[in-house]
Amino acid sequence: MPWDPAQYLKFGDYRLRPAVDLLNRIDAENPSEVYDLGCGAGNVTRLLRARWPDAHITGVDSSDAMLAKAAAAAPDVVWQQADLAGWSPPGQADVIYSNAALHWLPDHPQMLVRLVRALRPGGTLAVQMPRNFQAPSHTLIAEAALAGPWRKTLQPLLRPAPVAEPAFYFDLLSPHTSTLDMWETEYLHILEGDDPVKEWTKGSWLSPLLDALQEPERSQFERRYADLVGVAYPRRPDGRTLLPFRRLFLIATI
Ligand SMILES: C[S@@+](CC[C@H](N)C(=O)[O-])C[C@H]1O[C@@H](n2cnc3c(N)ncnc32)[C@H](O)[C@@H]1O
């Protein structure tokens with residue numbers, strides 16, 4: 001799907017926080033080969049660089065637009081354009097990190113086991129994925145998509161929830177790892193402005209559906225979804241809006 005770095009980074013602080021929480025829990029002193037999978041605009045990759053100044057760091061992403069922004073901001077990282085479906089590092093990795101990206105990829109069993117096997121002994125796979133797909137911010141995308149003249153165009157684009165229960169990942173990874181640290185956090189994002197939940201999902205899950213429509217249907221669909229989430233996430237008396245957002249964290253060391 002085409003990514004818009006400006007829209008995604010509109011809520012940069014909130015999107016960065018889980019990335020930092022994941023990074024802080026990785027117990028790797030001095031890794032030499034570090035990969036940031038689905039590195040996007042490189043704002044998280046820069047934190048990896050700050051934590052491990054001597055490491056050889058590679059950011060991997062499929063989006064030209066995201067990588068162009070990343071390369072401009074951090075020249076001391078190698079940027080690789082690649083589809084992560086089937087991707088493996090060229091040699092053994094010390095840290096494979098991925099924040100808010102692997103839920104875009106299918107076949108988690110095959111992919112995660114492949115990534116764990118690409119680690120050097122003692123190496124770490126650290127992954128954060130949203131697990132908010134049953135929340136109104138996401139279910140109302142489907143509701144709006146199925147309830148208008150755009151239904152025929154949008155229905156094929158609706159994806160089932162891409163992230164499984166935590167126990168699924170535990171059963172998958174525990175046979176391959178010496179330690180497995182897993183947790184979930186429900187963040188409470190405090191958003192400002194008009195239609196803030198619509199603006200949030202417009203930076204990710206809503207975007208491919210909008211891109212599939214022409215005007216005036218595009219704006220009509222966007223307004224319909226904004227109205228639905230406006231009811232589900234009402235403004236608080238001070239004018240701001242609370243968006244609870246659940247995320248799953250996995251840190252697997254072999
Ligand atoms: C939500 S952004 C996260 C960016 C960054 N990790 C961060 O935390 O800010 C998801 C990124 O995953 C990338 N992505 C999605 N599917 C991909 C694939 N199959 N191969 C490579 N990158 C992919 C997108 O291009 C996008 O930059």
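## Exercises on helix packing, a pocket and unusual backbone

α5 passes α8 in a right-handed crossing. That crossing opens a few exercises on this predicted model.

**Exercise 1.** Work out how α5 and α8 are oriented to each other, and which residues meet.

*Solution.*
- Start with the geometry: α5 (residues 108-117) and α8 (residues 166-173) pack at about 45 degrees, and their axes are 10 Å apart.
- Next, choose the class. Angles under 35 degrees count as roughly parallel and 65 to 115 as roughly perpendicular. The two helices are therefore oblique to each other.
- Now find the contact: from α5 come His-108, Pro-109, Leu-112, Val-113 and Val-116, and they meet Phe-168, Tyr-169, Leu-172 and Leu-173 of α8.
- Finally, sort these residues: eight are nonpolar, one is polar and none is charged.

**Exercise 2.** Do the same for α6 and α11: which class does their angle fall in, and which hand does the crossing have?

*Solution.*
- The axes of α6 and α11 (residues 217-232) cross at roughly 140 degrees and come within 9 Å.
- Roughly antiparallel requires an angle over 145 degrees, and α6 and α11 are therefore oblique.
- Their crossing is right-handed.
- On the α6 side the contact uses Pro-136, Ser-137, Leu-140, Ile-141, Glu-143, Ala-144 and Ala-145, while α11 brings Phe-221, Arg-224, Tyr-225, Leu-228, Val-229 and Ala-232.
- By class, this contact holds 10 nonpolar, one polar and two charged residues.

**Exercise 3.** Describe the second largest pocket: how much space lies in it, and which residues are closest to its centre?

*Solution.*
- The second largest pocket holds about 270 Å³ of space.
- Its lining has 16 residues, and Leu-157, Leu-158, Arg-159, Pro-160 and Trp-205 are the closest to the centre.
- Look next at the helices: α6 (136-146) and α10 (207-211) each give at least two lining residues. The largest share, four residues, is from α6.
- By class, the lining has 12 nonpolar residues, three polar and one charged.

**Exercise 4.** Find where a cis peptide bond lies, and which residue has a positive phi although it is not a glycine.

*Solution.*
- Recall the usual case: most residues other than glycine have a negative phi, and most peptide bonds are trans.
- The cis bond joins Glu-215 and Pro-216, with omega about 5 degrees. Pro-216 sits in the loop between α10 and α11.
- The positive phi, about 55 degrees, belongs to Asp-107. This residue is in the loop between β4 (93-99) and α5.

Definitions and conventions. Residues numbered from 1 in each chain as written. Predicted model: local features only at pLDDT ≥ 70, side-chain atom pairs only at ≥ 80, totals over all residues. Heavy atoms only, no water. 1 Å grid on protein atoms, 1.4 Å probe; cavity = no way out; pocket = protein on both sides within 12 Å on 5 of 7 lines; lining within 4 Å. Points joined across faces, edges and corners; volume = space filled by probe spheres on them. Nonpolar A, V, L, I, M, F, W, Y, C, P; charged D, E, K, R; others polar. Axes fitted to C-alpha atoms, helices over the stretch in contact; angles between N-to-C directions. Left-handed = near helix turned anticlockwise from the far one by under 90°. Contact = heavy atoms within 4.5 Å.
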